[in-house]
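User: Please go through the ligand site and the strand arrangement of this model.

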Amino acid sequence: MDTERSTSNLCSLQSHILAEETHHPGASGDFSWIVSAISLAGKAIAHQVRRARLEGVLGDQGATNVQGESQQRMDVIANEILMRCLGTRASIAVLASEEDDQPTILRRGVDGGKYCVLFDPLDGSSTLDTNGAVGTIFTILRNDPQIESAEGTVCQPGRRQVAAGYILYGPSTAFVITTGTGVDLFELDPFIGSFLLVKRGLRIPKARKVYSVNEAYTASFPCGYQSYLAWAHTNGYSSRYIGSLCADAHRILLNGGVFLYPPTITHPEGKLRLLYEANPMAMIFEQAGGKAISGSTPTMDINPRKLHQRVPLVLGSSDEVDAVLSHLAKDGSAH
Ligand code: P6P
């Protein structure tokens, strides 16, 4: 991937979003303010992640979240940072987080609440103890003032996402975002405190013989997924799996390949959450020329039933997702 950083002008995320806004006549700037708040939260979380062990905030919070998963102290810290940064933005009606049972209503549509923001504050946080890469995943939806319940308002299909992205806290801090006209990649320069544009219009390679799955659960995958893995094992594929969605997805977005989280005995509906993990990733990958399916359905076509709904997910290069789909269709595993 050639990057623009070395030859082009300095372009920050802030100025890039404001420039994008000029393509939307009548844009009020509200959307840019929301992205700016997410950017601010990303910088603050990046700082906390890097100092977590020094400040003794790694490990369990001693509680379980709505998902029934043990909450990490850094999950709570990241969640609070996002709430504090987004809560001040006047155009947000509803915030929803993986860490909170219910959405947070900030204001109604009549009071200017134009958007809803959903996020997984620190995906993969259990790998932090061993210095693993973690990420914040976010999506922005339009608020529908006609819908009374906050959960009903945010339960929109992925096709209606206004923007989606993630912030990956790894050796560097990467900010990936799409607003529906391609995918742009920024990297945090900690010395000037700005996310700088390094790649505009990122495209995923059409094919790459690398798959990413937790093979320990293979015996409990539906047979179509098992059939695909058996085929991949005898067709020159290699395997890479970190166990942190943002890190696995980012590698595939840049290099190509396919990520799979099929249904398992523990998670018969799949483990990943539709609204604030699968859908934002699906928008990014489709905008970069890739594909994202849940069973045989494009992930973004699913009509959500509830906030923390889980789905199976296959995400990646178009040819590689098609190869998985062909095995699911053959074995009738796609559901
Ligand atoms: P497993 C992290 O807990 C997460 O939600 C995703 O980031 C990741 O892709 C998946 O779970 C890993 O799950 O069962 O392989 O540990």
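The questions and answers below concern a predicted model.

User: Where does the ligand sit, and how much of the area it exposes when taken alone does the protein bury?

Analyst: The ligand occupies the largest pocket. An oxygen atom of the ligand is 2.7 Å from a polar backbone atom of Leu245. Taken alone, the ligand exposes 400 Å², and the share of that buried by the protein is 84%.

User: Which residues have side-chain N or O atoms 2.9 Å from an oxygen atom of the ligand?

Analyst: A polar contact requires N or O atoms within 3.5 Å. An N or O atom in the side chain of one residue, Asn214, is 2.9 Å from a ligand oxygen. A polar side-chain atom of another lies 2.9 Å from an oxygen of the ligand, and that residue is Tyr217.

User: Which strands each supply at least two residues of the shell around the ligand?

Analyst: The ligand is surrounded by 13 residues, with Asp123, Tyr217, Tyr241, Leu245 and Tyr261 the closest. By class, the shell holds 6 nonpolar, 4 polar and 3 charged residues. The strands that each give at least two shell residues are E13 (258–261) and E14 (272–273).

User: Which strands stand at the edges of the open sheet of 6 strands?

Analyst: The sheet has mixed pairing and runs in the order E12-E11-E13-E18-E15-E16. Two strands have a single partner each, so one side of each lacks a neighbour in the sheet; these are E12 (238–239) and E16 (297–298).

User: What is the bridge partner of Ile293 in E18?

Analyst: Strands E15 (residues 291–294) and E18 (residues 313–316) run antiparallel and are joined by 3 bridges. In E18, the residue bridged to Ile293 is Val314.

Technical notes
Residues are numbered from 1 along each chain as its sequence is written. This is a predicted model: local features need pLDDT of at least 70, side-chain atom pairs count only at pLDDT 80 or more; totals for chains, interfaces and linings use all residues. Side-chain values use heavy atoms; hydrogens and water are left out. A residue is near a molecule or strand if one of its heavy atoms lies within 4 Å of it. A polar contact is a pair of N or O atoms within 3.5 Å; within protein, one must be able to donate a hydrogen and the other to accept it, and residues adjacent in sequence count only if both atoms are side-chain atoms. Accessible areas come from the Shrake-Rupley method with a 1.4 Å probe; for residues, only the protein chains shown count as cover. On a 1 Å grid over the protein atoms alone, a cavity is a set of points where a 1.4 Å probe fits but cannot get out, and a pocket is an open set with protein on both sides within 12 Å along at least five of seven lines; lining residues have an atom within 4 Å of a point. A molecule sits in a cavity or pocket if more than half of its atoms lie within 2 Å of its grid points. Helices (H or I, at least four residues) and strands (E, at least two) are DSSP runs, numbered from the N terminus. Ala, Val, Leu, Ile, Met, Phe, Trp, Tyr, Cys and Pro count as nonpolar, Asp, Glu, Lys and Arg as charged, and the others, Gly among them, as polar. Two strands pair if DSSP finds at least two bridges between them.
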